[in-house]
Amino acid sequence: MSAGRKLVVEADGGSRGNPGPAGYGALVRDALTGEVLAEVAESIGHATNNVAEYRGLIAGLAAAAGVDPSARVEVRMDSKLVVEQMSGRWKIKHPDMVPLALEARELATALGSVSYSWIPRNRNAHADRLANEAMDAAARGEHWTRVEEAPEEPEPPPRPASSTPTTTLLLRHGETPLSIEKRFAGIGDAPLTPHGLAQARAAALALKDRGIDAIVTSPLSRCRDTAAEVAAVTGLEVRVEDGFRETDFGDWEGLTFAEAGKGWPAELKAWLADPDAAPPGGESFAQVSRRVRTALDKLKVRYREQTVLVVSHVTPIKLLVKDALGAPMPSLYRMHLDVAALTSIDWYADGPATLRAFNDTHHLPA
């Protein structure tokens with residue numbers, strides 16, 4: 001495993017009765033692909049919710065260390081108590097929590113880095129399911145065992161090649177505070193400005209009658225909010241695809257180009273020259289290209305011969321244009337893409353792709 005890999009730990013725990021039959025669940029995801037790399041759960045007998053939640057955190061950190069001990073880890077939990085205590089903002093007063101918190105911190109120090117984020121329960125559904133399975137087992141006086149999922153249906157035989165393309169309408173999100181100042185805006189969740197929201201609504205009106213069959217968006221809120229405006233006028237549901245999110249710019253997040261050059265002159269020079277070079281603590285264009293291609297492949301299978309709106313960011317859209325044209329990676333530096341601009345590509349199963357429009361902004365208010 002390469003140093004600097006990013007992992008996400010999702011953890012939860014609970015008890016039936018508080019205290020009562022208790023259990024925890026945790027899983028480890030690859031932060032770039034969302035792939036589940038490990039999952040664990042355990043029934044822990046009679047305990048409180050807080051003890052079970054801490055036990056879930058400890059198990060998640062241990063599982064992350066088993067995947068890659070040098071990884072940077074983001075822990076996501078719906079327990080405000082655990083997140084605030086482990087982040088150092090709340091004191092740990094209950095004596096039962098102190099040894100658990102110390103054990104978790106010891107595990108965290110052995111990893112590359114660990115940060116903690118609170119998420120609502122509905123975004124922690126996988127870990128919550130594991131914890132509930134463990135609690136059910138505890139209530140029966142049993143240990144948790146993995147519930148085997150139903151086997152996947154066999155893939156259908158490949159369809160013959162077709163001259164009807166799968167069309168992607170690529171919409172960059174509307175204006176944000178960072179785009180106004182031309183700052184690196186990666187995985188940070190910068191919101192749309194009021195003008196950016198107006199741009200999104202203008203794009204939605206322009207797309208209303210384009211025959212869109214589906215809407216796919218990056219998970220970041222500036223894209224989701226842009227996609228929501230199109231969904232409002234088309235009546236379509238929005239599907240989130242993590243592969244279409246922006247580059248992780250690491251330590252350059254929020255900086256201008258000049259500020260990054262002043263702080264990391266050698267690293268910036270290398271980044272501009274080599275697609276395998278990454279910003280400090282961030283992601284290379286080569287890495288982004290691989291996940292964008294994977295996301296596109298999934299889209300072309302799911303929406304074969306349909307027209308799909310993809311709401312994304314500068315880098316993923318430029319990478320798709322590059323691939324459609326068969327252009328080299330340095331071509332990314334020779335493209336300009338405005339906020340809320342539309343780009344259109346036809347992808348043919350039996351031939352090369354066709355770029356039909358690029359950086360179209362005619363729909364935007366002056």
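These are my notebook entries on the sheets, packing, pockets and cavity of one predicted model.

**Entry 1. The five-stranded sheet**

I began with the sheet formed by the lower-numbered strands. It is an open sheet of 5 strands in the order E3-E2-E1-E4-E5, and its pairing is mixed. I looked up which strands stand at the edges: they are strand E3 (36–47) and E5, and each has a single partner strand, so one side of each is left without a neighbour in the sheet. On average, neighbouring strands of this sheet are turned by 20 degrees against each other, direction ignored.

I then examined one pairing within this sheet. E2 and E3 run antiparallel to each other and are joined over 10 bridges. As one example of position, I noted that Gly23 stands opposite Ser43 in E3. Helix H4 packs on the sheet and touches E1, E2 and E3. The direction of H4 makes about 150 degrees with that of E2.

**Entry 2. The six-stranded sheet**

I turned next to an open sheet of 6 strands, whose order is E8-E7-E9-E6-E10-E11. Its pairing is also recorded here as mixed. The edge strands are E8 and strand E11 (354–360), each pairing on one side only. From one strand to the next, the twist averages 20 degrees.

At the E11 edge I looked up the partner strand. Strand E10 (residues 342–347) pairs with E11 in the antiparallel sense, over 4 bridges. Within this pairing, Leu342 has Asp360 of E11 as its bridge partner.

Which helices lie across these strands? I found H7 across strand E6 (166–172), strand E7 (214–217), E8 and strand E9 (307–312). H7 runs at about 170 degrees to E7. H10 lies across E6, E7, E8, E9 and E10, and its direction is at about 130 degrees to E6.

**Entry 3. The loop between E10 and E11**

I selected Ala353, which is placed in the loop between E10 and E11. Leaving aside residues up to four places away in sequence, I found that Ala353 touches Ala324, Ile345, Asp346 and Trp347. Ala353 and Ala324 are 29 residues apart along the chain, and their C-alpha atoms are separated by 5.1 Å.

**Entry 4. Aromatic pairs**

I looked up the aromatic pairs, and the count comes to 10. I examined one of them, Trp271 with Tyr333. The ring centres of Trp271 and Tyr333 are 6.3 Å apart and their planes stand at 85 degrees, so the pair is edge-to-face. Trp271 lies in helix H9 and Tyr333 in the loop between H11 and E10, so this pair ties together parts that are 62 residues apart in sequence.

**Entry 5. The largest pocket**

I then looked up the open spaces. The largest pocket holds about 1,200 Å³ of space. Its lining consists of 36 residues, and the closest to its centre are Arg76, Arg123, Pro219, Val240 and Asp242.

Which elements supply at least two residues each to this lining? They are strand E1 (6–15), strand E2 (20–30), strand E4 (72–77), strand E5 (113–118), helix H4 (125–139), helix H7 (221–234), strand E8 (238–240) and helix H10 (285–302). The largest share, 4 residues, comes from E1. By class, I recorded 18 charged, 11 nonpolar and 7 polar residues in the lining of the largest pocket.

**Entry 6. The second largest pocket**

The second largest pocket has a volume of about 890 Å³. It is lined by 30 residues, and Arg172, Lys182, Arg183, Val314 and Lys318 lie nearest its centre. Helix H5 (177–180), helix H9 (265–273) and helix H11 (314–325) are the elements that give two or more residues to its lining. This lining divides into 16 nonpolar, 6 polar and 8 charged residues.

**Entry 7. The cavity**

How many cavities of 30 Å³ or more does the structure hold? I found 1. The volume of the largest cavity is about 70 Å³. Its lining residues are Val216, Arg239, Glu241, Phe244, Ala295, Lys298, Leu299, Arg302 and Tyr303. Helix H10 gives the largest share of this lining, 4 residues. I noted 5 nonpolar, no polar and 4 charged residues in the lining of the largest cavity.

**Entry 8. Cross-reference**

I close with H10, which recurs in several entries. H10 lies across E6, E7, E8, E9 and E10, supplies at least two residues to the lining of the largest pocket, and gives the largest share of the lining of the largest cavity.

Note on methods:
Residues numbered from 1 in each chain as written. Predicted model: local features only at pLDDT ≥ 70, side-chain atom pairs only at ≥ 80, totals over all residues. Heavy atoms only, no water. 1 Å grid on protein atoms, 1.4 Å probe; cavity = no way out; pocket = protein on both sides within 12 Å on 5 of 7 lines; lining within 4 Å. Points joined across faces, edges and corners; volume = space filled by probe spheres on them. Nonpolar A, V, L, I, M, F, W, Y, C, P; charged D, E, K, R; others polar. Pairing = 2+ DSSP bridges. Axes fitted to C-alpha atoms, helices over the stretch in contact; angles between N-to-C directions. Contact = heavy atoms within 4.5 Å. Phe/Tyr/Trp six-rings, centres within 6.5 Å; stacked < 30°, edge-to-face > 60°.
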